Amino acid sequence: MKLRAARSLMILGLVAAFPYRFGPASGQDLSGTIRTENFVLAYDRRGITRLWNPHDPFQADLLSGEGRLGEPVVTYRVEGGDWLPIYTGTRTLQAEPDKGALTYTDFDPGSPLKMVQQFKIEGDVLDWTIEIETTMNFPVQIGDLALPIPWRFPAGETRTIFERSWTKHHFISGHGSFLYFVRPNGEPPYLVITVHPGTKFEYYTSEGRRNYRAYIHSGLSGGRETRGSWRQPHTFLELRPAGASGSAIRYGIRFQWARSYAEIREILYREGLFDIRIVPGMTVPEDLTATLALHTKARVEALEPEVPEHARITYLGERRPDHHLYRIAFSRPGENLLTIRHDGGRRTYLEFFVTEPLETLIKKRSRFITHRQQHRDPSRWYNGLYSVYDMKNKVLRSPDDTDGFDYWWGYVLASDDPALGKAPFVAAKNVHFPDPEEIASVEYYIEHFVWGGLQRTDQEHPYPYGIYGVPNWKVNRDPDPRARAGIRNRHLDKMPIWRSFDYPHVIMLYFHMYEIARKYPHLVRYLDARGYLERAYQTARAYFLYPYEILPEEYETYKIGCYNEVVILSLIAALEREGFPEKAAWLRSEWEKKVKYFIYDDPYPYRSEYPFDRTAFETTYAVAKYGATHEMKPDHNLWFDKKLRKWYAHPVVRKEDARAFMERQLRANLAVRGWLEAAYYLLGADFTGSSDVGAMSYMAAMGGWAILDYAIYFATDPADWLQLGYASILSSWSLMNTGRPETNYGFWFPGKENDGAAGWQFMTAKFGRAWIRKDMSRGAWHYDGEIDLGFGGALRAAATILTRDPLFDWFAFGGALTTSEDGFSIIPRDGLRKRFHIVLADFRMTIELDRDGLAAERPIFVARDFGRIRVVIENRTADAHVTLFKVSLRDAALGEKSPKETGSERMAYAVVQEGRRVGIVRLGEESEIALNISGDATVVELVREREGGRRN
């Protein structure tokens, strides 16, 4: 030990004896610029200070200006001595701009390590290599070797955010690791970083939004962080004495530009990494299997499951050159790691999560909210409230038991998105699976917490039906403005009902209660269907009027996307159906103001509560779809912008413009969503700016609905969109904590009390601080908060989809598929069993039930020539009633010209119930057929025929 200590002191003394200098001539200006066909680099004596693509019209610099490329973190020790940073005080630079090369050398006679870095541009690639070698006759242990990448996080004014900053995507997964950067507007070029063969990333840290480090070795930092868990080993590097074999190491990464995600995939393949596709996603319900495709030049030696007895892997062969397919059936709930062992023992890791069946999750979540998350105490002002649940402590929080959610932060407990998103989800679930106890719970909430508390009644003037915002209605209803002064210090003279984001939750709640009352009138007691419809309409009216009237400079309802407002379109249709055309017309006119603004008046209408906010991407798609499928009239002086003091007018309005906007907003949606990253908390999951600390929130499913809907109805080549859309709506179900007695009722926070609880979002770091000011270990947050907004979005998207994928061939998303010579049998397991789609390039059919459902574990049969489709419909209420059987039939994507919708041979399908013809569906049309339901189940067939009644 004395020898080790003496040696460490000797090294420290030698390091301190040599002054800090920049090279041969201290103070010499060594900065410059290298310009090539594909890269522009600015550099100085310490590293690269700027990097951009010369073909980028915005010249968006990757680097933030708060650091450089070329400043690796290297921490080492000698024979168990103290950990020391590598000495860089004598760094020298050899710049060869004409050769596209920079060489930085860190070497000092008193240091036991020498480090040489080279940046070299050759053609369309930039390589960054790092060589480290020992210089003395004793071994050196490296505890950390990390590469900081100080990228430019989205911030600033709108155009700076969307045109000149970047979202960062990373797949930190051993030897298959990569990163890619996308502008928030989604427009190329994209920057891709891949590891050289033999280089790996095993860990990362991110202190603040820009201080990102990718670790090649993390034995020191990763080992010191004992809180939380990590799925890859933290390794050290052992270097032998100078001159011996094993005394030096060389690592490297490569930068390249791509014009599309397909090009990024091709780069991954070309560089010997893995272009990975997985259907239906990486959150896998236990009653479904996953199919994995590895497109790679790597030599795959084995796929190793974490627990072999709980994973069955079947190799399906090489469907295309270098495309290896595997079917995987998991049987262990929770996290499941799959290790790809390749190229002589290198390792790449795939992280899956296995849940209970989706239908079980949906029902458990609704029951948990109504039975474990509702306060029922008439002596409390929050009687009836659904509040947030703390899984870690197995406690339902309240305004009297806050866990630090005090003052302004009290909104988490009793208002806004964390609290107001729960009842709408429960109501939506009960449209599909009615449960008397749950419906009664929701009505108790409406009667005792919402009406006359959270929401102003129809007798409260001014502003009837207004919704009180943060922190809660009790504070905001206090007649003394001074009582609110501790919560906020602005706008104390205004009625605090201006928060636009709160209204759609209540609209959705009332609308689904209208649906319940209309379908199951015997299950409601508080209001009837007409009463709930009127509440939904009046709340929607207040949504468009009050926030903009009271606080137009902050709550510009026509300009921002609000979660759940897509339900307004269903509300309009219901008003028309129920005989209220004037009310429907008024709402439609307000909605179209928003549609036109998004399409025509703002190049980047992707804001919501914040200037850069993934929340918008449910609304952006909804308005694009509306504009692409509805005839809107030109207008003059449509509405006046009080903030900008201008009128908006649209002399020309075209569906083609809506379609163009649809494509733009989808690209922006993908900029904040994992697509190439093969981990269950990244693939299809959302994030803001980066996934370093948090990902996979409510917008995984809400924005995922947009992608999946686009795949079903608009995409001419739907394969990619189906894959990503379905992975998105599956992903956040992994945040639920559920199980059976043998699994102790859950993976994240076990215990029967938590069976049905859920996490707000996912902590991606080993350990980090969530924005709600709580420290979290990697995994689901222990509070549920806003996640029920996402579960509501997942219900809107839930479907079983039959398609033919160019790689996976015939596949059923959300179902178990069996093929035969005659056709396809699909067991629907999407969670609702209400929607079935066939999605092919030249044939698209949608079947949807307005109540009841496709029978559990009874196959949907589709003839191989699509001449006959057979479904079994179950009676979910065991009574006699009418179910609407909705069918649409197309032979092309929406907006594409159909070659068969005209002429004498127009395709049609007869709808046959129990052998009796009850309707017809024609190509290019949507039909609703009333089915009389009385028994336990009924069989319905669609039989193809030509116009005129002749069957094929």
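**Exercise 1. A salt bridge between two strands**

With which residue does E945 form a salt bridge, and how far apart are the closest N and O atoms?

*Solution.* In this predicted model, the partner of E945 is R917, and the closest N and O atoms of the pair are 3.0 Å apart. To place the two residues, note that E945 belongs to strand 48 (residues 937-946) and R917 to strand 46 (residues 916-922), so that the pair links distant parts of the chain, 28 residues apart. The next step is accessibility, for which buried means under 20% relative accessible area and exposed means over 50%. E945, at 1% relative accessibility, therefore counts as buried, whereas R917, with a relative accessible area of 40%, is partly exposed.

**Exercise 2. Buried salt bridges**

Find which parts of the chain are tied together by D784 and K422, and state whether these residues are buried or exposed.

*Solution.* Begin with the contact itself: D784 and K422 form a salt bridge whose closest N and O atoms are 3.3 Å apart. D784 lies in the loop between strand 34 (775-780) and helix 19 (787-797), while K422 lies in helix 8 (residues 422-432), so the pair ties together parts that are 362 residues apart in sequence. Both D784 and K422 are buried.

A second pair can be treated in the same manner. The side chains of K364 and E356 meet in a salt bridge, with 2.9 Å from N to O, and both of these residues are buried. K364 and E356 also belong to a network of salt bridges that links them with E286, R740, E742 and D755. For the whole model, the count comes to 73 salt bridges.

**Exercise 3. Two packed helices**

Describe how helix 14 and helix 15 pack, and classify the residues of their contact.

*Solution.* Helix 14 (residues 581-601) and helix 15 (residues 619-629) pack at an angle of about 105°, their axes being 9 Å apart. Since angles of 65 to 115 degrees count as roughly perpendicular, helix 14 is roughly perpendicular to helix 15. From helix 14 the contact takes in R588, W591, E592, K594, V595, F598 and I599, which meet T619, T620, A622, V623, Y626 and G627 of helix 15. Sorted by type, the residues of this contact comprise seven nonpolar, three polar and three charged.

**Exercise 4. An enclosed helix**

How many of the 13 residues of helix 18 are buried, and what span should the helix have at 1.5 Å a residue?

*Solution.* Twelve of the 13 residues are buried, so helix 18 is largely enclosed by the rest of the structure; among these buried residues are W721, L724, Y726 and I729. As for length, helix 18 (residues 719-731) should span 18 Å, and its end C-alpha atoms are 18 Å apart, which agrees.

Key:
Residues numbered from 1 in each chain as written. Predicted model: local features only at pLDDT ≥ 70, side-chain atom pairs only at ≥ 80, totals over all residues. Heavy atoms only, no water. Axes fitted to C-alpha atoms, helices over the stretch in contact; angles between N-to-C directions. Helix = DSSP H or I, 4+ residues; strand = E, 2+ residues; numbered from the N terminus. Parallel < 35°, antiparallel > 145°, perpendicular 65-115°, else oblique. Contact = heavy atoms within 4.5 Å. Nonpolar A, V, L, I, M, F, W, Y, C, P; charged D, E, K, R; others polar. Salt bridge = Lys/Arg side-chain N within 4 Å of Asp/Glu carboxyl O. Buried < 20%, exposed > 50% of the residue type's maximum accessible area, 1.4 Å probe, protein only. Expected span 1.5 Å × (residues − 1).
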